[in-house]
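Please walk through this structure with me, one region at a time, keeping the sequence beside the model. The account moves from strand pairing to turns, and from there to charged side chains.

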Amino acid sequence: MTMKNSFLLIILTCCSGFLLGQSKFGVFIDNGKAAKDSLEFIKAINYFEAAVLQAENEADKKNAIDWLDSTYVAMEKVRKDIQDLNQDLKQQYSEIRTQSLKNSLIAESSRLALSARLEIEKDSFLNAVRLAQCATEIIKDSTLTDSIHLPFIERTYGDAVYYKYRKKFFPFRTVEGFYDIEYSKSGKYSLAISADSIFFTSSTQVYFPPIISQDYPFRSAHFSPNEELVAVTTQYKNFQVWKIKDTTTVVFEGHEAPLNEAIFSPNGELILSYDRAGIAKLWDLKGNVLSTFSGHTKNIVEAKFSKDGTKILTRAADLSVKLWDLKGHLLKEFNEHKGWLYSACLSSLNDLVVTSSVEKFARLWKVESDESPIKLAHKDIVTQAFFSNTGEKILTLSIDGVAKLWNLEGRLLKTLDGHEGAVAHATFSPNDRYLITASENHGIKSNSLKDHNVRIWDLQSNTNNATVLSAHTKAIISIAFPENNNSMFLTASRDGTSKLWNMNGELLMNLIGELDAPVNKAVFSPNGKFIMIASNLSYLIYSPTPQFVKSILKRKSLRPFTEEEKIFFNAPNCN
């Protein structure tokens with residue numbers, strides 16, 4: 001029926017109402033209301049337009065026009081509601097379809113990774129590599145990287161490649177992962193240590209055969225200052241000193257409990273070792289015990305020489321810190337702590353000690369005084385307290401998201417606030433002008449935050465404003481400056497990357513490790529010309545050249561095989 005015929009029908013209907021004693025105007029208005037209530041807006045509009053024409057006075061005409069306008073408004077509202085509903089339905093459908101696709105991709109990637117793992121167990125390493133590569137090709141999409149299956153897929157890929165090509169393609173890889181790296185004093189040598197092996201490299205890129213642990217996992221390895229010796233400890237009660245020149249070893253025996261570490265004195269003439277029974281020992285280089293430090297009742301967590309090499313500071317699980325001379329005489333004990341000791345540091349002049357424990361303040365002790373320690377207060381637990389490089393200031397870090405700078409009398413100089421999570425790491429520039437802080441995703445300011453930011457503080461500035469870097473996507477593990485270079489710094493993260501920054505917060509290099517395994521540490525060589533990175537899968541030495549920067553910045557977070565690797569691995573096309 002056309003609108004013209006519909007309008008004629010309305011006129012006829014209204015005329016029949018008029019014959020029953022009702023005015024045309026009133027019939028039009030009543031029928032229009034009924035049509036509007038039943039959402040028949042076109043019919044209602046026709047009735048009200050007819051009412052306008054039949055109005056006998058201005059009041060009736062205005063009444064009809066008002067009803068007409070309100071009908072148009074109601075019709076538009078319903079139309080918009082229907083449009084919004086259709087849009088919502090489309091959005092819901094799109095989200096459901098996207099999630100369904102995402103779930104199917106994750107499921108397929110996990111299935112391939114599981115199949116690769118089974119192939120590894122059957123020693124079918126080539127099949128494992130192909131399956132694991134397909135799994136990483138699927139999940140490399142950035143929208144899938146939040147999957148809880150990602151670590152399993154990455155690890156499977158790494159294990160498959162390692163087991164198949166460990167002897168030919170990856171000379172610096174370990175199943176256990178490298179947890180520490182170190183350069184010798186001049187940078188002539190470097191080492192990387194994992195639980196099952198230690199790798200040595202010279203500055204001329206001469207690679208020594210790796211030392212493989214036979215009985216007990218390695219715990220520590222350190223160069224002597226003269227770069228001739230390496231002190232190595234395992235999870236056993238003896239330790240060894242290796243001569244780099246002829247690779248001969250001397251075994252140091254005397255402890256009755258597993259060792260934690262063995263370190264050289266600043267002049268390189270002595271070695272300090274400490275164990276889990278609370279005993280430390282001082283040795284000459286021939287393996288003779290010179291002094292025994294017995295006084296702690298539990299595991300010595302840390303022991304270190306003073307900068308001048310004349311004192312030794314020990315921190316133990318019995319909640320005490322002790323200061324000794326080299327003959328084993330106890331000089332001072334610091335034991336007011338109520339919970340686990342996080343840190344203990346001796347000043348460069350050996351006159352102050354600063355400690356932090358599971359309390360809302362650090363303690364500043366005067367070595368030559370019996371006075372109670374000065375409390376350096378925070379709003380929550382202080383996890384670190386240490387002296388600056390010049391020894392003129394003290395820095396405290398807390399899970400309250402704040403770092404505080406103090407003078408040597410315990411007076412607060414600066415409050416560095418801004419992190420949303422706990423301030424987990426901090427490093428001064430060599431000249432103490434800059435401070436770099438990094439936070440983690442826990443603390444008192446938020447229950448559900450992901451704060452992996454880095455902040456650059458200019459300590460000479462009159463303000464407490466910092467340059468904020470959204471540096472990484474996972475926890476930051478370490479921060480490092482080159483020696484005598486205040487213009488750049490390095491960050492290392494569990495997200496599989498290390499990044500080089502200038503003091504303006506500009507990214508200079510993005511160093512991605514093998515297969516994006518979590519990075520445990522990153523350091524500069526003493527001359528600043530090389531960067532060494534240790535990860536859960538390998539350790540790498542980089543030379544920061546412009547060409548290298550260009551190539552690194554092009555790599556993806558979860559990279560596919562290069563063309564060379566595809567040929568080498570005979571990898572399939574998984575696209």
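What order do the four strands of the open sheet have, and with what pairing? The order is β25-β26-β27-β28, and the pairing is antiparallel, where two strands count as paired if DSSP finds at least two bridges between them, and where strands (E, at least two residues) and helices (H or I, at least four) are DSSP runs numbered from the N terminus. The edges of this sheet are formed by β25 (423–428) and β28 (466–469), each of which pairs on one side only. From one strand to the next the twist averages 20°, with axes taken as lines fitted to C-alpha atoms, for helices over the stretch in contact, and angles running from 0 to 180 degrees between N-to-C directions.

Before going further, note that this is a predicted model, in which local features need pLDDT of at least 70 and side-chain atom pairs count only at pLDDT 80 or more, while totals for chains, interfaces and linings use all residues. Residues are numbered from 1 along each chain as its sequence is written, and side-chain values use heavy atoms, with hydrogens and water left out.

Within the open sheet, strand β26 (residues 434–439) and strand β27 (residues 454–458) run antiparallel and are joined over five bridges; T437 stands opposite R455 in β27. The loop between β25 and β26 contains D432, a residue that has a positive phi of about 70° although it is not a glycine. Such a value deserves a second look, because most residues other than glycine have a negative phi. D432 has a relative accessible area of 6% and is therefore buried, the classes being buried under 20% relative accessible area, exposed over 50% and partly exposed in between, computed with a 1.4 Å probe on protein chains only.

A second region to follow is centred on β15 (321–325). Why can β15 be described as largely enclosed by the rest of the structure? Five of its five residues are buried, so the strand is largely enclosed. Its two faces are both covered, with V321, L323 and D325 buried on one side and K322 and W324 buried on the other. On the β14 side, β14 (311–316) pairs with β15 in the antiparallel sense over five bridges, and R315 has V321 as its bridge partner. These two strands form a hairpin with four residues between them, and L319 in the turn has a positive phi of about 70°. L319 is not a glycine, and its relative accessible area of 25% makes it partly exposed.

On the β16 side, four bridges join β15 to β16, and the two strands run antiparallel; K322 stands opposite E333 in β16. This pair also forms a hairpin with four residues between the strands, and in its turn G328 has a positive phi of about 90°.

The charged side chains come next. A search of the whole structure finds ten salt bridges, each defined as a side-chain nitrogen of Lys or Arg within 4 Å of a carboxyl oxygen of Asp or Glu. One of them joins D370 and K332 at 3.9 Å, N to O. This pair links distant parts of the chain, with D370 in the loop between β19 (361–366) and β20 (374–377) and K332 in strand β16 (residues 330–334), 38 residues apart. D370, at 79% relative accessibility, counts as exposed, whereas K332, at 14%, counts as buried.

Another salt bridge is formed by E302 and K304, at 3.5 Å from N to O, and these two residues are linked with R315 in a network of salt bridges. E302 is partly exposed at 23% relative accessibility, and K304 is partly exposed at 25%. The side chains of E40 and K43 likewise meet in a salt bridge, at 3.5 Å; E40 is partly exposed at 37%, as is K43 at 35%.

Finally, consider K499, which lies in strand β31 (residues 497–502). K499 is buried yet has no salt bridge, and the nearest side chain of opposite charge, D495, is 5.2 Å away; for this purpose Lys and Arg count as positive and Asp and Glu as negative, with His and the chain ends not counted. Leaving aside residues up to four places away in sequence, K499 touches A471, H472, F489, L490, T491, L507, M509 and N510, contact meaning heavy atoms within 4.5 Å.
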